[in-house]
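Good morning, and thank you for coming. Please look at the sequence and the structure on the screen, and I shall then take you through them step by step.

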Amino acid sequence: MFIIAKSFASVLVFAAVYFISYWLLFAQILPENPPSLATGFAFLTAAGLTGWFWYSARAGSGIFATAMTWAGIVGAVGFSVGFFGPMIFSPQANQGPLLGLFITGPLGFVAGGVAGLIYSLSRRYLARSY
């Protein structure tokens, strides 16, 4: 039940931070630049704050919770970079955002999960060895 509530709250945090940072901050600071630049900055800000919320609101420090936290954070960052990077650096490529959807997002999720698992197991092993 806690995971469902935390996931729903994370979606709300992401949406709120994205719209607030886009309309109140980045669209006002970067009006002459392409709108994708403000969108990219707002998305990265929202992904970072949502990742921080997800990490700080964890119920326990179990192996699965740590691995899923890392997977969510690294997957969101990978998706953001893969989705908005081609829009910023190569706006004429109409299939650029698919990189984030199909490659960097899922690979970031898997890499974050593996890194979180290794971190959690090493932390548990080091705690037992002392």
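**Overall architecture**

The protein has four helices and zero strands. Read along the sequence, the pattern is therefore written α-α-α-α, since helices and strands are taken from DSSP runs and numbered from the N terminus. Please keep in mind that this is a predicted model.

Let me turn to some totals. The protein has 130 residues, and 32% of them count as buried. Its accessible surface comes to about 8200 Å², and carbon and sulfur atoms account for 77% of that area. As for contacts with a separation of 6 or more, 66% of them join residues that are 24 or more positions apart.

**Buried positions in the helices**

I shall begin with Ala42, which lies in helix 2. Is Ala42 buried or exposed? Ala42 counts as buried because its relative accessibility is 0%, and the cut-off for buried is under 20%. Ala42 and Tyr18 are 24 residues apart in sequence, yet their C-alpha atoms are 5.4 Å apart in space.

The next residue is Phe84, in helix 3. Phe84 has a relative accessible area of 7%, so this residue is buried as well. Which residues does Phe84 touch, once its neighbours within four places in sequence are left aside? They are Thr39, Gly40 and Phe43. Between the C-alpha atoms of Phe84 and Phe43 the separation is 8.5 Å, and these two residues are 41 residues apart along the chain.

The third buried example is Ser120, which is placed in helix 4. With a relative accessibility of 2%, Ser120 counts as buried. Leaving aside neighbours within four places in sequence, Ser120 is in contact with Gly62, Ile63 and Thr66.

**The beginning of helix 4 and a surface patch**

Helix 4 covers residues 98-129, and Leu98 lies in it. Why is Leu98 described as partly exposed? The reason is its relative accessibility of 36%, because partly exposed refers to values between the 20% limit for buried and the 50% limit for exposed. The C-alpha atoms of Leu98 and Phe84 are separated by 9.9 Å, and the two residues are 14 residues apart along the chain.

Leu101 is also found in helix 4. At 42% relative accessibility, Leu101 too counts as partly exposed. Leu98 and Leu101 both belong to a nonpolar surface patch of about 580 Å². The other members of this patch are Leu99, Phe102, Ile103 and Leu107.

**The largest pocket**

Finally, we come to empty space. Rolling a probe the size of a water molecule over the atoms shows where such space is left. What is the volume of the largest pocket? It is about 310 Å³. The largest pocket is lined by 14 residues, and those closest to its centre are Ser10, Thr50, Gly51, Gly72 and Ala76.

Which helices supply at least two residues each to this lining? They are helix 1, which covers 2-29, helix 2, which covers 35-56, and helix 3, which covers 63-89.

**Summary**

To review, the predicted model contains four helices and zero strands. Ala42 in helix 2 is buried, Phe84 in helix 3 is buried, and Ser120 in helix 4 is buried. Leu98 and Leu101 are partly exposed, and both take part in the nonpolar patch. Thank you for your attention.

Technical notes
Residues numbered from 1 in each chain as written. Predicted model: local features only at pLDDT ≥ 70, side-chain atom pairs only at ≥ 80, totals over all residues. Heavy atoms only, no water. Buried < 20%, exposed > 50% of the residue type's maximum accessible area, 1.4 Å probe, protein only. Contact = heavy atoms within 4.5 Å. Areas by Shrake-Rupley, 256 points an atom, 1.4 Å probe, with all protein chains shown as cover. Patch = residues over 30% accessible without salt bridge, like charges linked within 9 Å, V, L, I, M, F, W, Y side chains within 5 Å. Salt bridge = Lys/Arg side-chain N within 4 Å of Asp/Glu carboxyl O. 1 Å grid on protein atoms, 1.4 Å probe; cavity = no way out; pocket = protein on both sides within 12 Å on 5 of 7 lines; lining within 4 Å. Points joined across faces, edges and corners; volume = space filled by probe spheres on them.
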